[in-house]
Structures are given as C-alpha cells and as structure tokens.
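Me: I'm new to reading protein structures and I'd like some help with this one. Could you pick a single part and take me through it slowly?

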Amino acid sequence: MGAQKAARDEEFRAFTGSAWTRLLRTAYLLAGDRHSAEDLVQQALERAYVAWGRVRAADDPHAYVRRILINEHARRFRRRASEELVTAVPDRAAPAGPDPDDRAALLAALGTLPPRQRQAVVLRYWEDLTETQTASAMGCSVGTVKSQAARGLAKLRAASSLSGLTSIGGGR
C-alpha cells in the first residue's frame, strides 16, 4: 500500500508541476490579485488531490482541475458580500503583454465585471477555450457562455479606462 501511495503522490506532484502556471494565470484573472490566486489554486489542488483517482481517469485532467478552480472561485464569491477590485498589477502574475498600462487597465476593468461574465471572458478570450469547453468549465450551457461573454465584452468596451485600446475580444 505504501508503494501505491508514493506512486500516486509522485504522479500528482508531476501533474501539479505541469499545471501550476496555467492554473495560477486563470486564478489571477478570476480573483484579481496574486495572493488570492495562489490561495485559489492551492484550494483547487487540495480538492484535486482528494479526488485524484477521478481526476487522472478523466479525459482531460487539466480541464477537470480548471473546473474545480472555477467552482472554488464561485464558492468564494458567494461567501463574500462584495468583491475586491484590482488596484495594482503584481510583477510576476500578470500575463506577458505589450503595454503594462493597458494590462493594468484591462485587469482593473475585468475586476468590475460580475463573476459569471468575468469567467466567460477570461476562459473564452484569455484562456482561448472554445464555447463548448468554456460551458463545460463553467457548468452551464453554450448559450449562457455566449450571452455572458457578450455582456462582459460590451461592458469592457464601454469602460472609459479602456477607451484607448483597439481590440477587446475581437473577431469571435
């Protein structure tokens, strides 16, 4: 039994090493700050470890854990009466981009979106998931993804802080 547990733990460590960066980026975009994102990823990985048999048997273990992450974020949001807005961009957590000022403005604007719209926009346009993959990750229909993403993009396009940016969610 000890050898099986050691093999399982090693397999989970390898998965965690390969998934950490992408999960952290997604969590950062959902939560709005690095510390909350790290906590969110840690909680998602704790849940994944407990359910590792089901996770590794899934067609796409990364998608399974991303779904755990999104569910954990939703749980957190429901527990809080109000959500913190992004006020600063940490130097290591922000995705690479051409202009730090544009990135800061976009992250601040993302922080103003309701949770479901933010999830739809982040998964569709930042994570580059299909509508079907996004619906699966969010636990909703493709139509809900379309409407939530459209509403979120409309709010981002209307945000005065983003008036100088040229393409927000273009072409999808």
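Reply: What follows is a walk along the later part of the chain, with a look at the start of the chain for comparison.

First, keep in mind that this is a predicted model. The chain has 8 helices and 0 strands, so to speak an α-α-α-α-α-α-α-α pattern when you read along the sequence. Of its 172 residues, 40% count as buried. If you take the contacts with a separation of 6 or more, 63% of them are between residues 24 or more positions apart.Now to helix 6, residues 115-126. How many of its residues are buried? The count is 9 of the 12, so helix 6 is largely enclosed by the rest of the structure. The buried ones are Pro115, Gln117, Arg118, Gln119, Ala120, Val121, Val122, Leu123 and Arg124. Notice that the list includes Arg118 and Arg124, and that arginine belongs to the charged class.

Just after helix 6 you run into Asp128. It sits in the loop that leads from helix 6 to helix 7, and helix 7 covers residues 131-138. What is the phi of Asp128? It is positive, at about 60 degrees, although Asp128 is not a glycine. As background, most residues other than glycine have a negative phi. As for its surroundings, Asp128 has a relative accessibility of 47%, so it counts as partly exposed. The cut-off behind that is simple: exposed means over 50% and buried means under 20%, with partly exposed in between.

Carry on past helix 7 and you get to Gly139, in the loop between helix 7 and helix 8. Gly139 comes out at 46% relative accessibility, so this residue counts as partly exposed too. In sequence, Gly139 and Ile70 are 69 residues apart, yet their C-alpha atoms are 9.3 Å apart in space.

Next comes helix 8, which takes up residues 142-158. It has 17 residues and reaches 24 Å from its first C-alpha to its last, close to the 24 Å expected at 1.5 Å a residue. Which of its residues are buried? They are Val145, Gln148, Ala149, Gly152, Leu153 and Leu156. If you look down the axis of helix 8, these buried residues fall within an arc of 130 degrees, so they line one face of the helix.

Let's zoom in on three residues of helix 8. Val142 is found in this helix, and at 29% relative accessibility it counts as partly exposed. Leaving aside neighbours within four places in sequence, Val142 is in contact with Glu131, Thr132 and Ala135. The C-alpha atoms of Val142 and Thr130 are 9.5 Å apart, with the two positions 12 residues apart along the chain.

Leu153 is also in helix 8, and its relative accessibility of 5% makes it buried. Its C-alpha atom is separated by 9.4 Å from that of Leu113, which is 40 residues away along the chain. Then there is Leu156, again in helix 8. At 2% relative accessibility, Leu156 counts as buried. Its partner to look at is Leu110: the two are 46 residues apart along the chain, and their C-alpha atoms are separated by 7.3 Å.

For comparison, jump back to the start of the chain and look at helix 2. Its 17 residues should span 24 Å at 1.5 Å a residue, and the end C-alpha atoms are 24 Å apart, which agrees. The buried residues of helix 2 are Arg34, Ser36, Ala37, Leu40, Val41, Ala44, Leu45 and Ala48. They cover an arc of only 165 degrees around the axis, which puts them on the same side of helix 2. On the face turned away from that buried side, you'll find the exposed residues His35 and Val50.

What does helix 2 pack against? It packs against helix 1: helix 1 is residues 2-31, helix 2 is residues 34-50, and they pack at an angle of about 145 degrees with their axes 8 Å apart. The crossing of the pair is right-handed. On the helix 1 side, the residues that meet helix 2 include Phe12, Phe15, Trp20, Leu23 and Leu24. Among those they meet in helix 2 are Leu40, Val41 and Leu45. Sorted by class, this contact has 15 nonpolar, 2 polar and 5 charged residues.

Definitions and conventions
Residues are numbered from 1 along each chain as its sequence is written. This is a predicted model: local features need pLDDT of at least 70, side-chain atom pairs count only at pLDDT 80 or more; totals for chains, interfaces and linings use all residues. Side-chain values use heavy atoms; hydrogens and water are left out. Axes are lines fitted to C-alpha atoms, for helices over the stretch in contact, and angles run from 0 to 180 degrees between N-to-C directions. Helices (H or I, at least four residues) and strands (E, at least two) are DSSP runs, numbered from the N terminus. A crossing is left-handed if the near helix is turned anticlockwise from the far one by less than a right angle, and right-handed if clockwise. Contact means heavy atoms within 4.5 Å. The expected span of a helix is 1.5 Å times one less than its number of residues. Buried means under 20% relative accessible area, exposed over 50%, partly exposed in between (1.4 Å probe, protein chains only). The arc is that of the directions from the helix axis to the C-beta atoms.
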